[in-house]
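I opened my notebook to get to know a new structure, one feature at a time. Come along and keep the model in view while I jot things down.

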Amino acid sequence: LGEEGRWARTGGAATGTMLSRKKDIYTYVAPWTVYGMSWSSRPDYPFRLAIGSFIEEYTNKAWVIQLDDETGEFVHKGGFDHPYPTTKISWIPDKTGSRADLLATTGDYLRVWEVGKNGSDIHLRCLLNNNKKSEFCAPLTSFDWNEVDPNIIGTSSIDTTVTIWQIDQQIVKTQLIAHDKEVYDIAFTGGEKDKFASAGADGSVRLFDLRSLQHSTIIYESPDFTPLLRLAWNKQDTNYLATMSMDSRDIIVLDVRVPSKPVALLSSHTAPLNAVEWAPHSSCHVCSASDDCQALIWDISKIPHGVEDPILAYSAEGEINNLKWSAAQPDWIAIAFGRKLQILRV
């Protein structure tokens, strides 16, 4: 679909302006396999990312890297040791740059770190654990910042629960049994403080409202209850979510107004999916990454009519473990494969 090292058009045109002073591709090579990844959304650090290692040992790493305008390369600014690989790493959604520059990670617990201006002065602000009565922890699979109130973070766990934290007070707002089995992902609705969705090993996607937690709505159940691994909410049109099931090649697009049945299945990958992300600036574009070494961008504007092919494809040098689309710089997507992080202009 695409030659190594460049996007290839497969259909319609992609949108977005070009930053002429920038290259089209940056490559950063870490000393370990890269898994966790997040773009800073602050306007003063548009090309700053956090990355997390995947090392099969207790001690793992989280690093802050940033584009050096003089050399035109990404450089390591700072970092810290992290127990176990980060299941997710994410900057605070601070698009005005008015808050403390916080970075959250999950693994055994939820940790919130404060990052100094130069990226090298990083200290642990808090470790949040709602299971202090037990000597064992239930690993956290994922989390999401609340964009409307960044003092709120929701975490998902293998113990079937979702926990909503008020991180400025370091207290639990609520904890609920969200699924019948492990919860693998959680995502808040864009533009709303109280609504979120979760996906899990029971094969369901469920909607919740913090104002009425007595009830939840199952909007999708996978055939044969195959576990659902990832969940992404369209921030520009919150009727749409995307999910993916274990070992599947298809992106499942859901419409909350039409529960139980996908409104689209996006099927061009030739190996299992690993990540899916909606465009932060467009309601109809979604990107996927897979073990087939491909990152694909889809245009779903013709839904409910079928979407046959992606509009852009990028071929990497290896199986793509993760991808993130920059909210501050929506012309740029980051992908991780092996020890490499590539930052691609769309």
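**Entry 1: a sheet of five strands**

I am working with a predicted model, and I keep that in mind throughout. My first stop was an open sheet of five strands, which I traced in the order β1-β26-β25-β24-β23. The pairing in this sheet is antiparallel. Which strands stand at the edges? I found β1, residues 7-9, and β23, residues 273-278, there. Each has a single partner strand, so one side of each is left without a neighbour in the sheet. I also looked up the twist, which averages 20° from one strand to the next.

Then I followed β23 to its partner. Strand β24 covers residues 285-290, and five bridges join β23 to this antiparallel strand. For one concrete pair, I noted that Ala 275 has Ala 289 in β24 as its bridge partner.

**Entry 2: loops around that sheet**

Next I checked the loops that link some of these strands. Cys 293 sits in the loop between β24 and β25. Its phi is near 70°, a positive value in a residue other than glycine. Buried, exposed or in between? Cys 293 has a relative accessibility of 21%, so I wrote it down as partly exposed; the buried class ends under 20%.

Further along, Pro 304 belongs to the loop between β25 (294-299) and β26 (312-315). Here I marked a cis peptide bond, running from Ile 303 to Pro 304, with omega near 20°.

**Entry 3: a sheet of four strands**

I moved on to another open sheet, with four strands in the order β2-β29-β28-β27 and antiparallel pairing. At its edges stand β2 and β27, each with a single partner strand, so one side of each has no neighbour in the sheet. Ignoring direction, I read that neighbouring strands here are turned by 15° against each other on average.

I spent some time on β29, residues 340-345. Why do I call this strand largely enclosed by the rest of the structure? Five of its six residues are buried, so the description fits. On one side I looked at β2 (residues 25-29), which pairs with β29 in the antiparallel sense over five bridges. Within that pairing, Thr 27 has Gln 342 as its bridge partner, and Val 29 stands opposite Lys 340.

The pairing of β29 with β28 (residues 332-337) is antiparallel too, and runs over six bridges. There I found Phe 337 bridged to Lys 340 in β29. The hairpin of β28 and β29 has two residues between the strands, and Gly 338 takes a positive phi near 55° in it.

**Entry 4: the largest pocket**

How large is the volume of the largest pocket? I noted about 920 Å³. Its lining counts 42 residues, and the closest to the centre are Lys 88, Asp 144, Lys 235, Glu 277 and Lys 324. I then listed the elements that give two or more residues to the lining: β3 (34-39), β7 (88-91), β11 (140-145), β15 (183-188), β19 (228-233), β23 and β27 (322-325). Two of these names were already in my notes: β23 as an edge of the five-stranded sheet, and β27 as an edge of the four-stranded one. By class, I counted 23 nonpolar, ten polar and nine charged residues in the lining.

**Entry 5: three single residues**

I closed with three residues picked one by one.

Thr 174 is in strand β14, residues 171-177. Its relative accessibility is 19%, so Thr 174 counts as buried. What does Thr 174 touch, leaving out residues up to four places away in sequence? I found Val 162, Thr 163, Ile 164, Leu 210 and Leu 213. Val 162 is twelve residues from Thr 174 along the chain, and their C-alpha atoms are 8.4 Å apart.

Asn 129 lies in the loop between β10 (122-128) and β11. I noted a relative accessible area of 17%, so Asn 129 is buried. Apart from neighbours within four places in sequence, Asn 129 is in contact with Tyr 109 and Trp 165.

Tyr 84 is placed in the loop between β6 (73-83) and β7. Its phi is near 65°, positive in a residue other than glycine. At 41% relative accessibility, I filed Tyr 84 as partly exposed.

Key:
Residues numbered from 1 in each chain as written. Predicted model: local features only at pLDDT ≥ 70, side-chain atom pairs only at ≥ 80, totals over all residues. Heavy atoms only, no water. Pairing = 2+ DSSP bridges. Axes fitted to C-alpha atoms, helices over the stretch in contact; angles between N-to-C directions. 1 Å grid on protein atoms, 1.4 Å probe; cavity = no way out; pocket = protein on both sides within 12 Å on 5 of 7 lines; lining within 4 Å. Points joined across faces, edges and corners; volume = space filled by probe spheres on them. Nonpolar A, V, L, I, M, F, W, Y, C, P; charged D, E, K, R; others polar. Buried < 20%, exposed > 50% of the residue type's maximum accessible area, 1.4 Å probe, protein only. Contact = heavy atoms within 4.5 Å.
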